[in-house]
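Trainee: I would like to take a close look at a single part of this protein and then follow its connections outwards. Could you take me through that part with some care?

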Amino acid sequence: MFIELTDHLRCPASHEESFLVLLPDRMEGRSVRTGHLGCPVCGRAFELADGVLDLGGRPPGAAPSALEPDALAALAGLSGPGGYFVLVGAPAARWRELSELQPGVSLVAVNPVSGVGDEPGLSVIRGEMLPLKSKTMRGVVLGRPYSDDRHWVEEAARVVLPGLRVVGEGAAEPDPAVVELMASAGGVWVGSPHRSLR
Ligand SMILES: [Zn+2]
């Protein structure tokens, strides 16, 4: 995990949003390979192993993605370096191409397909929610079946920076009370968080 991403992590417990304190055991350059993250509010501790933060639980399995990295970047409105972009499920499998198209954007893979591991340019998180602080990310892409699950759409809408976008690949369009749709075609939708969430 990219060490600077740890500043944007939150405790996954349902109490008020709290940061996590990193206790690194082993670093490689700017990547935390092993360590622990502790919550100062509830005292829970989470392990970082092989660079991956695994919060446990039973996240849904990822269905294949048809999103091309260039289309993905365009839909998400991603241009220019800096910040973090979140790929949930199968779209993370093509993170290298996205990284080449958008150098300087740190990518975060959540519940990627097997074979996608933590390495420079990509941080990997596993869990049943997005353990990221609200309004911190440059965008979120939800693969199938995440985009059809209100909980995940709400999580995506929570973590994106005001005015930025959530992209979903799935059968159903999101609840307009969560994501205000900008466009939807061919099983892919784009929107931004409802104004009440900003
Ligand atoms: Zn906590």
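Which kind of unit do β5, helix α2 and β6 make, and what is the handedness of that unit?

Mentor: Keep in mind throughout that we are reading a predicted model. The elements you name, β5, helix α2 (residues 95–101) and β6, make a β-α-β unit, and this unit is right-handed. Within the unit, strand β5 (residues 84–88) pairs with β6 in the parallel sense, over five bridges, and one of the positions to look at is V86, whose bridge partner in β6 is V108. On to the next neighbour: β6 is also joined to strand β7 (residues 122–126), again with the strands running parallel, through four bridges, and here V110 stands opposite I125 of β7.

The burial of β6 deserves attention next. Strand β6 covers residues 106–110 and is mostly covered, five of its five residues being buried. Its side chains divide into two sets, with S106, V108 and V110 pointing one way and L107 and A109 pointing the other, yet the residues on both sides are all buried.

A109 leads from the strand into the interior. Once its neighbours within four places in sequence are left aside, A109 is in contact with L87, A92, W95, V116, L122 and V124. The largest nonpolar core has 53 residues, and A109 is, together with V86 and V140, among the three that touch the most other members. That core draws at least three residues from each of domain 1 (3–52) and domain 2 (69–197), and the contact between the domains can be described further. The centres of domain 1 and domain 2, taken over C-alpha atoms, are separated by 21 Å, and 10 residues of domain 1 are in contact with 16 residues of domain 2. By class, the side of domain 1 that touches domain 2 is made up of four nonpolar, three polar and three charged residues.

From β7 one can continue into the loop that leads to β8 (137–142), where P131 lies. P131 counts as buried because it has 22 C-beta neighbours inside 10 Å, and, not counting residues up to four places away in sequence, it touches L9, R10, P12, L55 and I125. The last of these, I125, is the β7 residue that stands opposite V110, and thus the loop residue can be traced back to β6. P131 also illustrates a approach of distant parts of the chain, for P131 and E155 are 24 residues apart in sequence and 9.1 Å apart in space, C-alpha to C-alpha.

The loop between β7 and β8 also holds K135, which counts as partly exposed because it has 14 C-beta neighbours inside 10 Å. Its backbone should be inspected too, since phi of K135 is near 55°, a positive value in a residue other than glycine. Most residues other than glycine have a negative phi, and most peptide bonds are trans. On the second of these points, the peptide bond from R144 to P145 is cis, with omega near 0°, and P145 has its place in the loop between β8 and α3 (150–159). A positive phi is found in D50 as well, where the value is near 50°; D50 lies in the loop between β3 (45–49) and β4 (52–54) and counts as exposed because it has 11 C-beta neighbours inside 10 Å.

Notes: Residues numbered from 1 in each chain as written. Predicted model: local features only at pLDDT ≥ 70, side-chain atom pairs only at ≥ 80, totals over all residues. Core = buried A, V, L, I, M, F, W, Y, C linked by C-beta atoms within 7 Å. Buried ≥ 20, exposed ≤ 12 C-beta atoms within 10 Å, placed from the backbone. Domains from an automatic or database assignment. Contact = placed C-beta atoms within 7 Å. Nonpolar A, V, L, I, M, F, W, Y, C, P; charged D, E, K, R; others polar. Pairing = 2+ DSSP bridges. Right-handed = clockwise from strand over helix to strand, strands pointing away.
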